[in-house]
Amino acid sequence: MDSATSERAAVPSTARPSLASTADNGLKIVIVGGFGVGKTTMVRSVSEIRPLNTEETMTRAGEGIDELADLDGLRRKTSTTVAFDFGRISLDARSVLYLFGAPGQERFWFLWDRLFSGTLGAVVLVDTRRLADSWYAIDRLEHHGTPFIVACNDFGGPVHTEEQIREALDISPDVPLVECDARDRSSSKYVLITLVEYLHGLSARRLAEATGAAAPETAVETGS
Ligand SMILES: Nc1nc2c(ncn2[C@@H]2O[C@H](COP(=O)(O)OP(=O)(O)OP(=O)(O)O)[C@@H](O)[C@H]2O)c(=O)[nH]1
Ligand SMILES: [Mg+2]
């Protein structure tokens with residue numbers, strides 16, 4: 001692999017805000033999902049540092065996914081993630097998310113289990129035209145006991161009801177399900193905030209169960 005650096009960085013390379021000294025709450029978040037659902041796009045759109053991407057030109061090893069080239073949004077896709085994407089976003093003065101975008105092609109799935117190590121939560125990015133492509137991601141997250149939310153990326157596909165999507169993905173009613181446009185920073189940020197609030201709620205509930213106390217309401221500040 002000759003380059004691990006994004007050629008299409010979300011921010012100019014000169015704009016690299018240093019981490020606030022008050023940031024003492026670092027959370028590792030993984031963005032997973034099937035081939036070409038927009039994982040790299042989401043890391044790029046939301047990262048406040050120039051994201052690390054490990055994109056390589058798709059080769060014959062991509063055979064078997066060629067039929068996807070007819071789908072809107074994937075026609076011009078010529079590269080694929082071969083290791084992972086990395087980015088960072090500060091949610092508030094204390095909370096920083098370290099974002100890892102997983103590779104989507106099946107031949108790189110062996111990397112996922114390593115990527116999940118130390119992960120507090122995950123976003124399962126979904127193209128609603130290809131819901132079954134997300135099954136493996138959900139299966140692995142459940143295997144690892146990693147909490148996740150589902151974000152339906154807007155490829156202009158057929159509109160499904162929330163119930164239809166939940167049923168197709170076989171996810172519990174507790175798992176947040178949101179819509180997004182991975183190309184849009186504020187939309188991607190909303191997805192991440194939804195995940196962090198979900199994680200806060202889960203840990204508050206676990207603490208309350210352990211101590212017998214009522215779980216407090218939790219919310220994350222949303223600076224732009
Ligand atoms: N229409 C539309 N296109 C999108 C959206 N998000 C991403 N795309 C396009 O979809 C294609 C695939 O996006 P990627 O970010 O490379 O997807 P990926 O999940 O990282 O792909 P792999 O790493 O190869 O699995 C790109 O051409 C994007 O420009 C979206 O919300 N809407
Ligand atoms: Mg990618």
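In which strand does Lys-28 lie? In this predicted model, Lys-28 belongs to strand E1, and the legends below return to that strand after an overview of the chain.

**Figure 1. Overview of the chain in the predicted model.** The chain holds 5 helices and 8 strands, and from the N terminus on these elements follow one another as β-α-β-β-β-β-α-β-α-β-α-β-α. Of its 224 residues, 31% count as buried. When contacts between residues at least 6 apart in sequence are considered, 76% of them join residues at least 24 apart.

**Figure 2. The open sheet, with its 6 strands in the order E4-E5-E1-E6-E7-E8.** The pairing within this sheet is mixed, and its edge strands, E4 (85-90) and E8 (177-180), each pair on one side only. From one strand to the next, the twist averages 25°. As background to this view and to the three that follow, strands of a sheet pair through backbone hydrogen bonds, either parallel or antiparallel.

**Figure 3. Strand E1 and its two partners, E5 and E6.** Strand E1 (residues 25-32) runs parallel to E5, to which it is joined by 7 bridges; along this pairing, Asn-25 stands opposite Ser-95 of E5, and Gly-26 has Val-96 of E5 as its bridge partner. E1 also runs parallel to strand E6 (residues 121-127), in this case through 4 bridges, and here Ile-31 stands opposite Val-123 of E6.

**Figure 4. The surroundings of Lys-28 in strand E1.** Lys-28 is classed as partly exposed because 16 other C-beta atoms lie within 10 Å, a count that falls between the limit of 12 or fewer for an exposed residue and that of 20 or more for a buried one. Apart from its neighbours within four places in sequence, Lys-28 is in contact with Tyr-98, Phe-100, Gly-118, Thr-119 and Leu-120. The C-alpha atoms of Lys-28 and Leu-97 are 6.0 Å apart in space, although the two residues are 69 residues apart in sequence.

**Figure 5. The two ends of the sheet, at E4 and at E8.** At one edge, E4 and E5 run antiparallel and are joined by 6 bridges, with Gly-87 standing opposite Leu-99 of E5; a hairpin of 4 residues connects E4 to E5. At the other edge, strand E7 (residues 148-153) pairs with E8 in the parallel sense over 4 bridges, and Asn-153 has Cys-180 of E8 as its bridge partner.

**Figure 6. Helix H1 and its packing against helix H5.** All 8 of the 8 residues of H1 are buried, so this helix is largely enclosed by the rest of the structure; the buried residues are Lys-39, Thr-40, Thr-41, Met-42, Val-43, Arg-44, Ser-45 and Val-46. H1 packs against H5 (residues 185-211) at an angle of about 100°, with the two axes 8 Å apart, which makes H1 roughly perpendicular to H5. The contact is formed by Met-42, Ser-45 and Val-46 of H1, which meet Arg-185, Ser-188, Lys-189 and Leu-192 of H5, and by class it has 3 nonpolar, 2 polar and 2 charged residues. As a general point for reading this view, an α-helix has 3.6 residues a turn, so residues three or four places apart point the same way.

**Figure 7. The shell of 22 residues around ligand 1.** Gly-38, Thr-40, Thr-80, Thr-81 and Gly-104 come nearest to the ligand. The elements giving two or more residues to the shell are helix H1 (39-46) and strand E3 (79-81), and H1 gives the most, with 3 residues. By class, the shell divides into 6 nonpolar, 10 polar and 6 charged residues. Thr-40, named here among the nearest residues, is also one of the buried residues of H1.

**Figure 8. Arg-107 in the loop between strand E5 (95-101) and helix H2 (112-115).** Arg-107 counts as exposed because it has 12 C-beta neighbours inside 10 Å. Its C-alpha atom is separated by 9.1 Å from that of Val-82, a residue 25 residues apart from Arg-107 along the chain.

Definitions and conventions. Residues are numbered from 1 along each chain as its sequence is written. Chains are lettered from A and ligands numbered from 1 in the order in which they are written. This is a predicted model: local features need pLDDT of at least 70, side-chain atom pairs count only at pLDDT 80 or more; totals for chains, interfaces and linings use all residues. A residue is near a molecule or strand if its C-beta atom, placed from the backbone, lies within 6 Å of it. Ala, Val, Leu, Ile, Met, Phe, Trp, Tyr, Cys and Pro count as nonpolar, Asp, Glu, Lys and Arg as charged, and the others, Gly among them, as polar. Two residues are in contact if their C-beta atoms, placed from the backbone, lie within 7 Å. Axes are lines fitted to C-alpha atoms, for helices over the stretch in contact, and angles run from 0 to 180 degrees between N-to-C directions. Angles under 35 degrees count as roughly parallel, over 145 as roughly antiparallel, 65 to 115 as roughly perpendicular and the rest as oblique. Two strands pair if DSSP finds at least two bridges between them.
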